[in-house]
Amino acid sequence: LTRLPRTVFFEFEANEHKSSCVKARKLVSKITDYLQAHEIKMVVLNGYADVARILIIRWAKKHGVHVLLRGDSNIHGQEKVTGIRRLFKGLVLRWVSRQISGLMPMGRCGQAFFDHWMGAHNLPSFLCPYEPDYKYIRACAGQQSANLIQKYQLDLDRKRLMFCGRLIDIKNVDLIIEAFKRIAAQRPQWDLVIAGSGELEDKLKKMVSTELASRIKFVGFLQFDQTAACYAACHALVHPPSYEPWALVINEAVAAGLPIISTDVVGAANELIEPDVNGLLIKPNDVDALTDAKLKITEGDTATRMGQEAAHVLNRWQEKADPVMGIVNAAAKFA
């Protein structure tokens, strides 16, 4: 990326541009002064939905600077946008489509989002998804994983389903626990590890009976190195939110060689889970479907077999969706 000609990437902290229009204009003035001073020809802009970004898009169009719009939104969940909000969103995005030079969706669900809201357009697209540090995740299978197993007293002879994320309503951790309770007797060699913290932690812990207290472990919030070690200590990831634009945890788990159960409204799941190859996709908010998926992935050597396919699935994804090459290709066209 350091070799790209006259290209700049912008991301803002929320408090810097959403507090007031006056502050947004001051911020944009500094940014556009920089763009002019350095003769920038292309801007990769993360998002559009605030005053600062809209002003940058308008300025860039007027001054012949190409804007590539990057975002993690996906088509799922858009039915909840109704009434005047839906009308306004459509108007804004159709206006944006006439000002910018191209799109940088994360994947197919992101492309469908732009196509849905922007209507007929001929904007070129360059895939530019989120990515974690894949090499670091793969390197955590050794001593760090052993330390985590010892710290949380995980049994080396048992297998573990894992959830990793905030303990909030949309993540459906209650359904994960309920589905595990349903399969516990049929899968006596499997446990459940819940990594994360949030407002529902106490409520979720109360769902666990005394009989299952030793098999459902809450390990709290983990830093990235600990999270990577936890992947290595577990045998499958369960991630069934009601909706999630991307979900980097999917990338991380695939890199760690875990098979995955996720819902089909998650952006990353649609790209990095090949059903019945390295995981399972289910409909959201369906505890019966989640229970069936858990039974399937924990049957015999299914989790091991699916986990062995994870690296191949990730390689196929990276071949077509390298974010660096997405930006390089866009720069070659516009900058």
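A pocket here is an open set of grid points with protein on both sides within 12 Å along at least five of seven lines, and in this predicted model the largest pocket holds about 520 Å³ of space. The residues closest to the centre of that pocket, out of the 25 that line it, are Cys 164, Gly 165, Lys 171, Glu 244 and Val 249. The points below take up the pockets, the cysteines, one helix, the salt bridges and one strand residue in turn.

**The largest pocket**

- Two elements each give two or more residues to the lining of the largest pocket, namely helix H10, which spans 224-233, and helix H11, which spans 248-255.
- Sorted by class, the lining of the largest pocket consists of 14 nonpolar, 6 polar and 5 charged residues.

**The second largest pocket**

- The second largest pocket has a volume of about 230 Å³, and among the 13 residues that line it, Asn 46, Gly 47, Arg 70, Gly 71 and Asp 72 are the closest to its centre.
- Strand S3 (66-71) and helix H5 (108-118) are the elements that give two or more residues to this lining, and S3 provides the largest share of it, with 3 residues.
- The lining of the second largest pocket is made up of 6 nonpolar, 4 polar and 3 charged residues.

**Cysteines**

- The count of disulfides in the model is 0, where a disulfide would need a pair of cysteine sulfur atoms within 2.5 Å.
- Cys 164, one of the residues closest to the centre of the largest pocket, has its closest cysteine sulfur in Cys 230, and because the two sulfurs are 7.2 Å apart, they are too far from each other for a bond.
- Cys 164 is buried, with a relative accessible area of 16%, whereas Cys 21 is partly exposed, with a relative accessible area of 47%.

**Helix H5**

- Helix H5, which contributes to the lining of the second largest pocket, has as its buried residues Cys 109, Gly 110, Gln 111, Phe 113, Phe 114, Trp 117 and Met 118.
- The cover over these buried residues includes strand S3, helix H4 (83-99), strand S4 (102-105) and helix H12 (267-272).
- Gly 119 follows H5 and has a positive phi, near 70 degrees.

**Salt bridges**

- The whole structure contains 12 salt bridges, and the pairs described here include one within a single helix as well as pairs that link separate parts of the chain.
- Arg 182 and Glu 178 form a salt bridge in which the closest N and O atoms are 3.5 Å apart; both residues belong to helix H8 (residues 173-183), where they are 4 residues apart, or about one turn of the helix.
- Both members of that pair are partly exposed, Arg 182 with a relative accessible area of 37% and Glu 178 with one of 26%.
- Arg 215 and Asp 191 are joined by a salt bridge of 3.4 Å, N to O, and because Arg 215 lies in the loop between helix H9 (201-206) and strand S7 (216-220) while Asp 191 lies in strand S6 (residues 190-195), the pair ties together parts that are 24 residues apart in sequence.
- In this second pair Arg 215 is buried, with a relative accessible area of 13%, and Asp 191 is also buried, at 6% relative accessibility.
- Glu 274 forms a salt bridge with Arg 316, with 2.9 Å between the closest N and O atoms, and the two residues come from distant parts of the chain, 42 residues apart, with Glu 274 in the loop between H12 and strand S10 (279-282) and Arg 316 in helix H14 (residues 302-320).
- Glu 274 is partly exposed at 24% relative accessibility, and Arg 316 is partly exposed with a relative accessible area of 39%.
- Through shared partners, salt bridges join Glu 178, Lys 181, Arg 182 and Asp 288 into one network.

**Leu 280 in strand S10**

- Leu 280 is located in strand S10 and is buried, at 8% relative accessibility.
- Apart from its neighbours within four places in sequence, Leu 280 is in contact with Ile 260, Ile 261, Ser 262, Ile 273, Ala 293, Lys 296, Ile 297 and Met 306.
- Leu 280 and Ser 145 are separated by 135 residues in sequence, and their C-alpha atoms are 25 Å apart in space.

Methods: Residues are numbered from 1 along each chain as its sequence is written. This is a predicted model: local features need pLDDT of at least 70, side-chain atom pairs count only at pLDDT 80 or more; totals for chains, interfaces and linings use all residues. Side-chain values use heavy atoms; hydrogens and water are left out. Buried means under 20% relative accessible area, exposed over 50%, partly exposed in between (1.4 Å probe, protein chains only). On a 1 Å grid over the protein atoms alone, a cavity is a set of points where a 1.4 Å probe fits but cannot get out, and a pocket is an open set with protein on both sides within 12 Å along at least five of seven lines; lining residues have an atom within 4 Å of a point. Grid points are joined across faces, edges and corners, and a volume is the space filled by probe spheres set on the points. Ala, Val, Leu, Ile, Met, Phe, Trp, Tyr, Cys and Pro count as nonpolar, Asp, Glu, Lys and Arg as charged, and the others, Gly among them, as polar. Contact means heavy atoms within 4.5 Å. A salt bridge is a side-chain nitrogen of Lys or Arg within 4 Å of a carboxyl oxygen of Asp or Glu.
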